[in-house]
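Here are some exercises to work through with the model open beside you. Try each task before you read its solution.

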Amino acid sequence: MKQILIVEPDEQFAGRLFQALLNVGDYQISSAPTVRQACLMVGRERQDLAFVPLDDLEGTVEALRRLQPDLPLVATVPRAG
């Protein structure tokens with residue numbers, strides 16, 4: 001089963017993304033509100049894909065890629081409102 005990580009401080013947006021992913025496939029999905037927590041998750045278990053917020057993208061990418069250099073990343077931008 002594919003491992004997907006959502007790094008998102010906005011709980012509502014993370015929840016909508018989580019549900020959308022469940023609706024389209026059979027994935028093991030984890031969510032972390034901070035980059036620090038995401039790094040702990042990546043350090044414990046290899047991920048197949050991570051969704052990361054566009055805010056502070058460079059720092060997030062650098063931190064996650066230190067732990068898993070080949071981790072595919074998708075930048076997310078929540079809708080206003």
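**Exercise 1: the cores**

Which residues make up the largest nonpolar core?

Solution. Keep in mind that this is a predicted model.

Step 1. Start with the list: the largest nonpolar core has 11 residues in all, namely Leu 5, Val 7, Ala 32, Ala 38, Cys 39, Val 42, Ala 50, Val 52, Ala 63, Leu 64 and Leu 71.

Step 2. Now sort by element. E1, helix H2 (35-44), E3 and H3 each supply at least two residues of this core. H2 gives the most to it, with three residues.

Step 3. Pick one member and look around it. Leaving out residues up to four places away in sequence, Val 42 touches Leu 5, Gln 47, Leu 64, Leu 67 and Gln 68.

Step 4. Don't stop there: a second, separate core has seven residues, including Ile 4, Ala 14, Leu 21 and Phe 51.

**Exercise 2: the sheet**

Work out the order of the strands in the open sheet, and say which strands are at its edges.

Solution.

Step 1. Read across the sheet and you get E2-E1-E3-E4, four strands with parallel pairing.

Step 2. The edge strands are E2 (27-32) and E4 (73-76), as each of them pairs on one side only.

Step 3. Check the twist: ignoring direction, neighbouring strands of this sheet are turned by 20° against each other on average.

Step 4. Go through the pairs. E1 and E2 run parallel and are joined by six bridges. E1 and E3 also pair in the parallel sense, over three bridges. Strand E3 (residues 49-53) is joined to E4 by four bridges, and these two run parallel.

Step 5. Find some partners. Ile 6 stands opposite Ser 31 in E2, and its bridge partner in E3 is Phe 51. Further along, Ala 50 stands opposite Leu 73 in E4.

**Exercise 3: strand E1**

Why is strand E1 described as largely enclosed by the rest of the structure?

Solution.

Step 1. You need one cut-off here: a residue is buried if its relative accessible area is under 20%.

Step 2. Apply it to strand E1 (residues 2-7): five of its six residues are buried, so the strand is largely enclosed by the rest of the structure.

Step 3. Follow the chain onwards from the strand. E1, helix H1 (residues 11-24) and E2 make a right-handed β-α-β unit.

**Exercise 4: two residues to compare**

Find where Arg 65 and Asp 56 sit, and decide how exposed each one is.

Solution.

Step 1. Place them. Arg 65 is in helix H3 (residues 57-67), and Asp 56 is in the loop between E3 and H3.

Step 2. Use the cut-offs: over 50% is exposed, under 20% is buried, and partly exposed is in between. Arg 65 has a relative accessibility of 34%, so it counts as partly exposed. Asp 56 has a relative accessible area of 55%, so it is exposed.

Step 3. Look at the backbone of Asp 56. Its phi is near 55°, a positive value in a residue other than glycine.

Step 4. Now see what Arg 65 meets. Not counting residues up to four places away in sequence, it touches Leu 71, Pro 72 and Leu 73. A polar atom of the Arg 65 side chain lies 2.8 Å from the backbone oxygen of Leu 71.

Step 5. Finish with a distance. From C-alpha to C-alpha, Arg 65 and Arg 44 are 14 Å apart in space, and they are 21 residues apart in sequence.

Technical notes:
Residues numbered from 1 in each chain as written. Predicted model: local features only at pLDDT ≥ 70, side-chain atom pairs only at ≥ 80, totals over all residues. Heavy atoms only, no water. Pairing = 2+ DSSP bridges. Axes fitted to C-alpha atoms, helices over the stretch in contact; angles between N-to-C directions. Buried < 20%, exposed > 50% of the residue type's maximum accessible area, 1.4 Å probe, protein only. Right-handed = clockwise from strand over helix to strand, strands pointing away. Contact = heavy atoms within 4.5 Å. Polar contact = N/O pair within 3.5 Å; in protein donor to acceptor, adjacent residues only side chain to side chain. Core = buried A, V, L, I, M, F, W, Y, C linked by side-chain atoms within 4.5 Å.
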